[in-house]
Amino acid sequence: MHPVITVFAASPDEGRGLARDMPVRWAMEEVGQRYEVMPVTFVEMKAEAHLARQPFGQIPVFEEGELVLFESGAIVLHIAEAGSGLLPDDASGRARVVAWMFAAVGSIEPVVVQRESAIYLEGDEPWHEERLAIVEDRIADRLGELARALGEADWLVGDFSAADILMVQILRRLEDSSLIELHANLSAYVERGKARPAFQRAFAAQKAFFERRYD
């Protein structure tokens with residue numbers, strides 16, 4: 001039996017690979033682990049069966065035997081620890097990668113999600129434009145800090161790691177804006193991530209799944 005990842009039955013991103021199952025798929029491809037997907041509808045996500053696995057009624061859920069995990073960052077960390085190639089061998093290096101994983105989901109992702117909420121949920125509000133400008137200023141500050149930290153390095157901590165999976169995937173959610181383009185090193189960083197064969201396989205798999213659902 002292969003691990004099972006719960007995914008959107010009808011992804012709002014329409015195959016663009018922006019849903020939170022994408023970093024999990026990518027991590028699985030990086031470590032060479034086969035997996036299966038289980039689609040859930042928005043109604044099913046709020047049903048008791050799904051809430052027993054994911055208390056907030058979201059995706060993804062990772063199931064392997066008796067192990068059930070939620071939160072994409074935690075799932076990617078588990079995959080990295082169980083596999084090879086996504087965490088350094090030395091304890092200090094591993095700790096720094098984990099710190100950057102927390103930074104991705106704790107410092108960068110929240111402001112990115114605020115922007116999405118401002119666009120998709122608050123677009124009809126009279127204060128929408130002002131709110132969006134404030135949020136994008138916050139994102140610009142965070143990206144400036146991230147760009148300084150990355151500098152001329154290819155990856156966040158030495159070689160490519162689980163931290164880069166999470167960070168690149170979060171930055172991809174800004175590709176409909178010009179925010180990343182203001183930092184050449186971040187633009188190049190995202191493109192390096194997307195060029196990895198494992199990313200390409202994961203992206204193709206999730207896109208094919210979406211297209212089958214609507215063929």
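**Exercise 1. Is Phe-70 buried, partly exposed or exposed, and what is its relative accessible area?**

*Solution.* Before we start, keep in mind that this is a predicted model.

Step 1. Look up the value: the relative accessible area of Phe-70 is 30%.

Step 2. Compare it with the cut-offs: buried means under 20%, and exposed means over 50%. So Phe-70 counts as partly exposed.

**Exercise 2. Work out how Phe-56 and Phe-70 are arranged, and which parts of the chain they tie together.**

*Solution.* Step 1. Know what to look for. A pair of aromatic rings is described by the distance of the centres and the angle of the planes.

Step 2. Get both numbers. For Phe-56 and Phe-70, it's 6.2 Å centre to centre, with 65° between the planes.

Step 3. Name the arrangement. Planes over 60 degrees apart count as edge-to-face, so that's the label for Phe-56 and Phe-70.

Step 4. Place the rings. Phe-56 sits in the loop between α3 (48-51) and β3 (61-64), while Phe-70 belongs to strand β4 (residues 67-70), so this pair ties together parts that are 14 residues apart in sequence.

**Exercise 3. Now do the job for Phe-199 and Phe-203: what kind of pair do they form, and where do they lie?**

*Solution.* Step 1. The ring centres are 6.0 Å apart and the planes make an angle of 20°, so Phe-199 and Phe-203 are stacked.

Step 2. Both residues lie in helix α9 (residues 197-213). They're 4 residues apart, which is about one turn of the helix.

Step 3. Check the exposure. Phe-199 has a relative accessible area of 3%, so it's buried. Phe-203 comes in at 21%, so it counts as partly exposed.

Step 4. Zoom out. Phe-199 and Phe-203 belong to a cluster linked by ring pairs, together with Trp-26, Trp-155, Phe-160 and Tyr-189. The structure holds 7 aromatic pairs.

Step 5. Look for charges over rings in that cluster. The charged end of Arg-192 sits over the ring of Trp-155, 5.7 Å from the ring centre. Arg-196 lies over the face of Phe-160, 3.7 Å from the centre of that ring.

**Exercise 4. Describe how helix α5 and helix α7 pack, and which residues meet.**

*Solution.* Step 1. Start with the geometry. Helix α5 (residues 91-120) and helix α7 (residues 162-172) have axes 8 Å apart, at an angle of about 10°. That makes α5 roughly parallel to α7.

Step 2. List the partners. On the α5 side you'll find Val-97, Trp-100, Met-101, Ala-104, Val-105, Ile-108, Glu-109 and Val-112. They meet Ala-162, Ala-163, Leu-166, Met-167, Ile-170 and Leu-171 of α7.

Step 3. Sort the residues of this contact by type: 13 are nonpolar, none are polar and 1 is charged.

Step 4. Ask how covered α7 is. It's mostly covered, with 11 of its 11 residues buried. Among them are Asp-164, Gln-169 and Arg-172.

**Exercise 5. Take a closer look at Trp-100: how exposed is it, and which residues does it touch?**

*Solution.* Step 1. Trp-100 is in helix α5. With a relative accessible area of 24%, it counts as partly exposed.

Step 2. Leave out residues up to four places away in sequence, and Trp-100 touches Leu-146, Ala-149, Leu-156, Val-157, Ala-163 and Met-167.

Step 3. Try a distance too. Trp-100 and Glu-136 are 36 residues apart in sequence, and 22 Å separate their C-alpha atoms in space.

**Exercise 6. Look at the backbone: what is phi of Glu-14 and of Glu-71, and which peptide bond is cis?**

*Solution.* Step 1. Recall the usual picture. Most residues other than glycine have a negative phi, and most peptide bonds are trans.

Step 2. Take Glu-14. Its phi is positive, near 55°. Glu-14 lies in the loop between β1 (4-8) and α1 (21-31), and at 60% relative accessibility it counts as exposed.

Step 3. Turn to Glu-71. Phi of Glu-71 is near 75°, again a positive value. Glu-71 is in the loop between β4 and α4 (72-82), and its 38% relative accessibility makes it partly exposed.

Step 4. Find the cis bond. It runs from Ile-59 to Pro-60, with omega near 5°. Pro-60 is in the loop between α3 and β3.

Note on methods
Residues are numbered from 1 along each chain as its sequence is written. This is a predicted model: local features need pLDDT of at least 70, side-chain atom pairs count only at pLDDT 80 or more; totals for chains, interfaces and linings use all residues. Side-chain values use heavy atoms; hydrogens and water are left out. Axes are lines fitted to C-alpha atoms, for helices over the stretch in contact, and angles run from 0 to 180 degrees between N-to-C directions. Helices (H or I, at least four residues) and strands (E, at least two) are DSSP runs, numbered from the N terminus. Angles under 35 degrees count as roughly parallel, over 145 as roughly antiparallel, 65 to 115 as roughly perpendicular and the rest as oblique. Contact means heavy atoms within 4.5 Å. Ala, Val, Leu, Ile, Met, Phe, Trp, Tyr, Cys and Pro count as nonpolar, Asp, Glu, Lys and Arg as charged, and the others, Gly among them, as polar. Rings of Phe, Tyr and Trp (its six-membered ring) pair if their centres lie within 6.5 Å; planes under 30 degrees apart count as stacked, over 60 as edge-to-face and the rest as tilted. Buried means under 20% relative accessible area, exposed over 50%, partly exposed in between (1.4 Å probe, protein chains only). A charge sits over a ring if NZ of Lys or CZ of Arg is within 6 Å of the ring centre and within 35 degrees of the ring normal.
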